[in-house]
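Hi everyone, thanks for making the time. Please pull up the structure on your own screens so that you can follow along.

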Amino acid sequence: MPLLYNADVKGILFIDDFKPRRFSARQKSSVLLLSKIIALVLEGIRLSASSNKADIMMEALLTISSDIVIITDHEGIITECSKNISRFQIDCNDIAGKPLKTLFTPQSYEEIQKRLDEKSLLKSVPVKMNPELFDNRDFILNGCFINDKQGIFLFTDISELNALRQELKSKTEELKSLNEMLESKVFERTEALERLNRELQRANEIKERFIANMSHELRTPLNSILGFSDVLLEGTFGSLSPNQERYIRNIKTAGKHLLEMINNVLDLAKIDSGRMELQIETFSVEDVLKEVVTTMKPLADKKSINLILSLDPEAKILTADRVKFKQILYNLLSNAIKFTPEGGTVEVTSELDSSKETPTLSFSVRDTGVGIPPDALEKIFDEFAQVDSSLSRQYGGVGLGLALTKKLVELHGGKIKAESQLGKGSTFTFTLPYTSRVEIVEEEDVLEAVTLDFPWANEEAPLILVVEDDPATSEIVTLHLTQAGYRVAHAFNGEEAIQKARSLKPFAITLDIMLPQKDGWEVLQELKTDETTADIPVIIHSIVNNRELAFALGATDYLLKPLDKDILIQTLESLKYSRERTGLPLTVLLIESNDQDSEELKTMLEELGAVIYTAKESKKGFDLAVALRPNLILLDIEDSDTDEFDIVKELKLSPSTRDIPIFLLTSKDLTVEERMGLLGKIERILKKHTFDTKELIDHIKELEVIYPKRAGLIDELTGLFSHRYFNIRLAQEVERARRYKLPLVLVLLDIDHFENYIKNAGAPKGNNVLKKVSELLRKNIRGSDVIVRYGGDSFAILLPNTPLNAGLSLSNRFNAIIKNYPFPDEHLQPKACITASIGIAFYQGQTTEELILCAKKALSSAKSKGGDRVEVFTEEMEASKPDIH
């Protein structure tokens, strides 16, 4: 029979006396009662065991838990607590029998009770404890009631954790502050390094230009010295006395030595600037070395030095620059012979090393000379470095030979080293990559490497001369230009570029800097100093980034490789306008259907001194544009159903109006399709009723600066820019100088007693004097400088990126040129010649008005001292008043 307790089987009752028997109803009832009693006893035993186990577990929990454990009855009265509560100076007996709420602040307990009423469960609830018991420490509470009879609550002390969190937060903020400070320092240091790099780069460029220029300037007179020395030594003009011959030979020897040093300096400069190229060819090692040794043998024979040549028989050929390879050997051999005493030995050897992945061929020059101290071996390859000044006095030289030799070796991808012992001699070894024979394919001269034939090409289209030595780049530029409707001619070196510029007279020139025969800088300078090509716009297109030099030499624009097609075409398109007819006043055609808007815009534009023409309909507007050819068209478009977009197309198709800039006025947002349809046909899209007067005027002034002739900014008499252009350009240059911390000089020039000249010589001759003065000034300024006719007999010259001393030097040149030029009837002047007074102001943070005032005060000072002089503005002139308009 099963032993059941609450329908749970606790066991089985088995009764058997091993006799056949039938149980009576009473017996069955007794057995059933017995089974229930046994089941009840078994459940009691189980409950007792479970209770003991629970007590043990509870005792363990209360003993070992790091959290504070509080146990309550169903009414919230504390019955037990963990032993570790004693660390807060609290005894379990002190709080037993007290309500749980005595442990909390009233506000915190209300929150606890509210949560228990809602869920009968507390999970990670921050609580505020009774400060009298727990000394304002922070706790997290977890707890619940079990079967509504007993509550168990765990208190986790998070005071130290919060303190750590707060410290971590503080440290994090401190670290963030340090990072920001570090970033600021890094930014400052980076900026300082970039500035230093720019200064070093500029200094290096100046050094290279100086070395190149000085080398050229020095070699020219030296060649004359050597040439005339030969003439005298040959006895062309009579025989020489022994002393005269000795002295002239000394002059020639010294000249050759000086010329050699200058050539070394120039070669070093070329290598440093990356302008020295290798002419690779394959040649016989033995032939070249024998040639070098033969050349050096007379020098060795003078000192009875034995020259030995020992070559590796396996290394018969070498692929390198033959001329520079010989120069390396000449330098090393001349040094070895120079520092080897009489009767010594100099040996040249070669050795092929094929064990490496890339075979190398080494050449060694050994001598039995004076040797080099160990501490000097590291610096002997430095420029202008010498081992001992006494040796340099004894043997000569300035320390450039080995520096140049090292650079030539490294240019070939090789290495050079030196070994030496004092009194026993030195060994210089250089190693070059040993490559297989290179077949030199002779390229035929290509006059026109790029030939493109497009059906849309127009014979009357502007001609662009593309100067580029790389055929692939030339083809890309040609493709872009022809697609844009230009004709193209080509030049592949500097000489050809100058010849074709003179013969073809192109509309514009795109010029690369790295060119054979003559580099781009030489080409640009020659083009701008030649009257037949000076007015041709030149656009520099090169990987060499030197905008300042390009603009100073007269370049129109500067584009860096790789080519940006859009920028190139945009630049050429702007040049179309700037080279058109001149002298017209600023005229604006306004096509606007709304009378009120038309009147507002007209008033706005008349403030510019412009002549305004208006039309309500597109048809009339087109007719007026064809008849008047205004400087600018303002076109209102309000409704896509109208034909304003058609008139844009018509204006751009008509030969007489296609070059007129168009500003669109609209109050709606144009779709992408509409904007794409207008691409290349208009200058600006302006929102009606959102732009102000200043914005529109600024847009028009941009056009004035880009197209000064069309904007009427050219003085008719002199052909110089007008006073109006000067005001616009001065504001731009002052802002540029302020923003980029660049020097800026303003020069005002006034012809002395010009009214006297007109009175005595007549107005026509006076006009001729003004024209000639403007021509003289224009010929003596750079392409980046600006010269304007400032007033009746006054001129203003803006010198951007120019220090004061350079501006003063240029002004003195102006003064001398004008004074020495033979003007007609100049004897009628007080000083019997035409003279000028010049005032100079240097930009030091002034406004445009203040800068002009400073220049006027300097000019006034020059005039008050009798004229024919140059004065620079000083603080002492501050109180004076200028006497010119």
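I'll go through two sheets, one helix and a few salt bridges. One thing before we start: this is a predicted model.

Let's begin with the sheet nearer the start of our list. Five strands make an open sheet, and if you walk across you meet them in the order β4-β3-β7-β6-β5, with antiparallel pairing. Which strands are at the edges? They are β4, residues 78–81, and β5, residues 121–128, and each of them pairs on one side only. From one strand to the next, the twist averages 25°.

Now zoom in on β6 and β7. Strand β6 covers residues 138–146 and β7 covers 150–157; they run antiparallel and are joined by 8 bridges. If you want a landmark there, take Phe-139, which stands opposite Asp-157 in β7. This sheet also has a helix packed on it: α3, residues 106–119, touches β5, β6 and β7, and its direction makes about 170° with that of β5.

While we're on α3, have a look at its side chains. Arg-115 and Glu-111 form a salt bridge, with 3.1 Å between the closest N and O atoms. The two are 4 residues apart in helix α3, so about one helical turn separates them. Why does that spacing suit a pair? An α-helix has 3.6 residues a turn, so residues three or four places apart point the same way. Arg-115 counts as partly exposed because its relative accessibility is 32%, and Glu-111, at 36%, counts as partly exposed too.

There's a pair with that spacing in helix α12, residues 494–504: Glu-496 and Lys-500 are 4 residues apart, about one turn of the helix. Their salt bridge has its closest N and O atoms 3.2 Å apart. Are these two buried or exposed? Both Glu-496 and Lys-500 are buried.

On to the second sheet. Here 5 strands form an open sheet in the order β26-β27-β25-β28-β29, and the pairing is mixed. The edges are β26, residues 786–789, and β29, residues 869–872; each has a single partner strand, so one side of each is left without a neighbour in the sheet. The average twist from one strand to the next is 15°.

Inside this sheet, β25 (residues 744–751) pairs with β28 (residues 836–842) in the antiparallel sense, over 7 bridges. One partnership to click on is Ile-751 with Ala-836 in β28. Helix α21, residues 723–740, packs on the sheet and touches β25, β26 and β27; its direction makes about 25° with that of β27.

Strand β25 also takes part in a salt bridge. Lys-863 reaches Asp-750, with the closest N and O atoms 3.0 Å apart. This one links distant parts of the chain, since Lys-863 lies in helix α25 (residues 848–864) and Asp-750 in strand β25, 113 residues apart. Lys-863 is partly exposed, at 27% relative accessible area, whereas Asp-750 counts as buried because its relative accessibility is 5%.

How many salt bridges does a search of the whole structure find? It finds 26. Some share partners: Glu-531, Lys-772, Glu-775 and Lys-779 are joined into one network that way.

Last stop, helix α10, residues 401–411. Its buried residues include Leu-402, Leu-404 and Val-409. After α10 comes Gly-413, with a positive phi near 85°.

That's my tour, and I'm happy to take questions.

Conventions. Residues numbered from 1 in each chain as written. Predicted model: local features only at pLDDT ≥ 70, side-chain atom pairs only at ≥ 80, totals over all residues. Heavy atoms only, no water. Pairing = 2+ DSSP bridges. Axes fitted to C-alpha atoms, helices over the stretch in contact; angles between N-to-C directions. Contact = heavy atoms within 4.5 Å. Buried < 20%, exposed > 50% of the residue type's maximum accessible area, 1.4 Å probe, protein only. Salt bridge = Lys/Arg side-chain N within 4 Å of Asp/Glu carboxyl O.
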